[in-house]
Amino acid sequence: MLRFFMVALTLVAGCGPAVTEGPRTVPKTCEITLAPSPSEVSLPAQTTPARTTGLVAHVVVPYSRIARELEPRVPTRLADERGHDIGVAGSLDLTVDRGPLLVSATDRDLVVRTNLRGQARACTQARGCYATCAPEAVAEVHVPLALTESYGFAQPRVTVKITRGCRIAALGGLVQIDITPTIEARIEPELRKVEQRLASELPSLKPQVVRAYAELGHPRELPLGLGCAYVHPQAITQGPASATDKAVSLRFRLEVSPEVRPHCDAPAPLFAPLVPKLGHDAAMPASDETEISELVPLAAFARAAESTTPVDLGAKVTRVARAEARADADGLWLDATLEGEVCGPSRAHARPAWSSDALGIRLVDARPGSSDRDALAHARLPGDALATFVGAHVAVTPKLTPRGLETGLPALARAAATASPDITVDAQATSVAPGEVRVLDTDVRVGSRVRAQITVTVADEAPKGKRSAP
């Protein structure tokens with residue numbers, strides 16, 4: 001699941017400014033020159049971090065894989081005892097062997113069941129071994145599916161139920177002795193040994209989690225010039241488990257604040273982030289909404305304004321030769337230098353927002369600067385010309401869009417799975433939607449909200465040459 005998240009940030013849906021009209025010549029006569037505008041009052045831009053969201057994944061492990069991993073770890077002979085005193089009946093020799101391990105699960109426990117077959121002999125010095133029987137039992141090992149807060153397995157519990165007892169005749173058949181309780185008593189300490197052995201074999205997953213968590217804590221340069229991925233992991237929670245007749249499914253949620261920046265400009269942490277204690281949420285839903293953010297530089301909006309598209313001033317025409325975008329608490333200011341029949345400085349304020357088709361970020365609620373309105377009106381020109389131009393023509397296409405994430409999610413899952421031949425990853429977007437758009441000091445944070453069904457399936461058989469933990 002952690003590796004999947006790193007790959008998720010490489011989806012693209014194109015980049016660069018959108019220009020809706022082709023080149024058009026604008027006369028550079030500068031018939032009207034606008035005076036420099038006084039600075040507009042700007043409120044400080046927001047500095048809030050990326051939104052924390054959750055990524056839920058279902059880890060499916062087939063019972064056949066668990067059985068293969070456990071078989072060599074549990075001895076086939078569980079008991080072998082000679083000469084146990086059973087009173088007037090003499091002494092007892094007992095061996096107990098197990099059959100194949102059968103794995104199943106409940107919503108709480110992994111259950112490993114096996115049939116036990118015994119061979120019991122009653123012997124005396126005078127008569128030798130005079131009676132035999134073959135007791136049978138069923139042993140079950142219950143391993144809690146809920147991991148501990150330190151990512152380990154809780155102590156397994158082993159129980160046994162005798163399904164076929166054992167009675168022998170002594171003193172010439174005058175006395176019938178039921179040695180079933182004796183056999184149960186002799187099997188019990190052997191089962192405790194099996195319990196202890198299984199407890200020592202069950203691994204702690206914390207070393208793997210520590211490595212993966214440290215990897216997620218570092219920025220990662222993305223291929224093809226897509227930028228730099230920051231994941232910001234914050235918490236890991238285990239949800240409810242479920243079982244079918246073939247596999248057990250474990251549910252986990254990783255809480256993160258993912259974002260893509262143009263460059264890996266933030267310093268790497270001096271120390272690896274501390275792995276949080278594993279939380280538990282019995283009511284965790286089957287999927288969660290994940291918001292992936294991208295930082296789009298304010299300069300991208302300025303470049304989008306610098307086009308050959310003319311700015312219609314009614315009787316006059318001009319174009320934006322140069323532009324600069326500045327952050328404001330309510331949006332951004334676009335300071336433009338006009339060139340054409342009208343030249344000089346001009347200013348408009350607007351708010352970035354997703355377009356109606358969610359393919360790009362447009363500037364909405366555009367309004368002219370107060371001095372622009374007065375200066376252009378004095379020249380008998382429409383004072384909202386630049387604002388109208390900004391709302392109609394200035395747009396930027398982020399690298400991450402809802403549609404790109406929706407169509408690219410299955411391929412993304414396949415790419416994540418190639419990192420390990422031991423797993424397959426399937427991801428299907430159940431819903432996508434535009435996320436928040438927020439202006440920061442030098443960037444605009446644009447988000448895409450994705451709800452997906454993510455399933456990580458462990459292979460039925462381990463790759464050759466590898467032995468994984470049960």
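Two strands are taken to pair if DSSP finds at least two bridges between them. On this basis the arrangement around strand β5 is described here for a predicted model.

Strand β5 comprises residues 91–98, and 7 of its 8 residues are buried, so β5 is largely enclosed by the rest of the structure. Strand β4 (residues 77–85) pairs with β5 in the antiparallel sense through 6 bridges. Within this pairing, Asp-80 has Thr-95 of β5 as its bridge partner. The connection between β4 and β5 is a hairpin with 5 residues between the strands, and Gly-87 in the turn adopts a positive phi of about 75 degrees. Strand β5 is also joined to strand β7 (residues 109–124) by 8 bridges, the two strands running antiparallel. Here Asp-93 is matched with Arg-121 of β7 as its bridge partner.

A further set of pairings involves strand β24 (residues 342–354), which is mostly covered, with 11 of its 13 residues buried. Strand β2 (residues 32–33) pairs with β24 in the parallel sense over 2 bridges, and the bridge partner of Ile-32 in β24 is Val-342. By contrast, strand β23 (residues 331–340) pairs with β24 in the antiparallel sense over 7 bridges. In β24, Gly-344 is the residue opposite Leu-338. A hairpin of 1 residue connects β23 to β24. Strand β25 (residues 361–368) likewise pairs with β24 in the antiparallel sense, over 6 bridges, and Ile-361 in β25 stands opposite Trp-354. The hairpin of β24 and β25 has 6 residues between the strands, and Ala-358 in this hairpin takes a positive phi near 55 degrees.

Among the helices, α3 (residues 180–201) contains 22 residues, and at 1.5 Å a residue a span of 32 Å is expected; the end C-alpha atoms lie 31 Å apart, which agrees. The buried residues of α3 include Thr-180, Ile-183, Ile-187, Leu-191, Val-194, Glu-195 and Leu-198. In general, an α-helix has 3.6 residues a turn, so residues three or four places apart point the same way. Helix α4 (residues 206–216) contains Val-210. Because its relative accessibility is 35%, Val-210 counts as partly exposed. Val-210 and Leu-274 are separated by 64 residues in sequence, and their C-alpha atoms are 8.0 Å apart in space.

The largest nonpolar core has 55 residues, of which Ala-120, Ile-168, Ile-179, Ile-183 and Val-248 touch the most other members. When neighbours within four places in sequence are left aside, Val-248 is in contact with Val-59, Val-60, Val-61, Tyr-63, Ile-66, Ala-105, Leu-145, Ser-242 and Ala-243. Another core, of 38 residues, lies apart from the largest one, and its members include Leu-332, Ile-361, Phe-389 and Val-439. Ile-361 in this second core is also the residue of β25 that stands opposite Trp-354. Likewise, Ile-183 of the largest core is among the buried residues of α3. In soluble globular proteins, nonpolar side chains tend to be buried together.

With regard to aromatic side chains, the structure holds 0 aromatic pairs. A charge placed over a ring is nevertheless present: Arg-261 lies over the face of Tyr-230, at 4.1 Å from the ring centre.

Note on methods:
Residues numbered from 1 in each chain as written. Predicted model: local features only at pLDDT ≥ 70, side-chain atom pairs only at ≥ 80, totals over all residues. Heavy atoms only, no water. Buried < 20%, exposed > 50% of the residue type's maximum accessible area, 1.4 Å probe, protein only. Helix = DSSP H or I, 4+ residues; strand = E, 2+ residues; numbered from the N terminus. Expected span 1.5 Å × (residues − 1). Core = buried A, V, L, I, M, F, W, Y, C linked by side-chain atoms within 4.5 Å. Contact = heavy atoms within 4.5 Å. Phe/Tyr/Trp six-rings, centres within 6.5 Å; stacked < 30°, edge-to-face > 60°. Lys NZ or Arg CZ within 6 Å of the ring centre and 35° of its normal.
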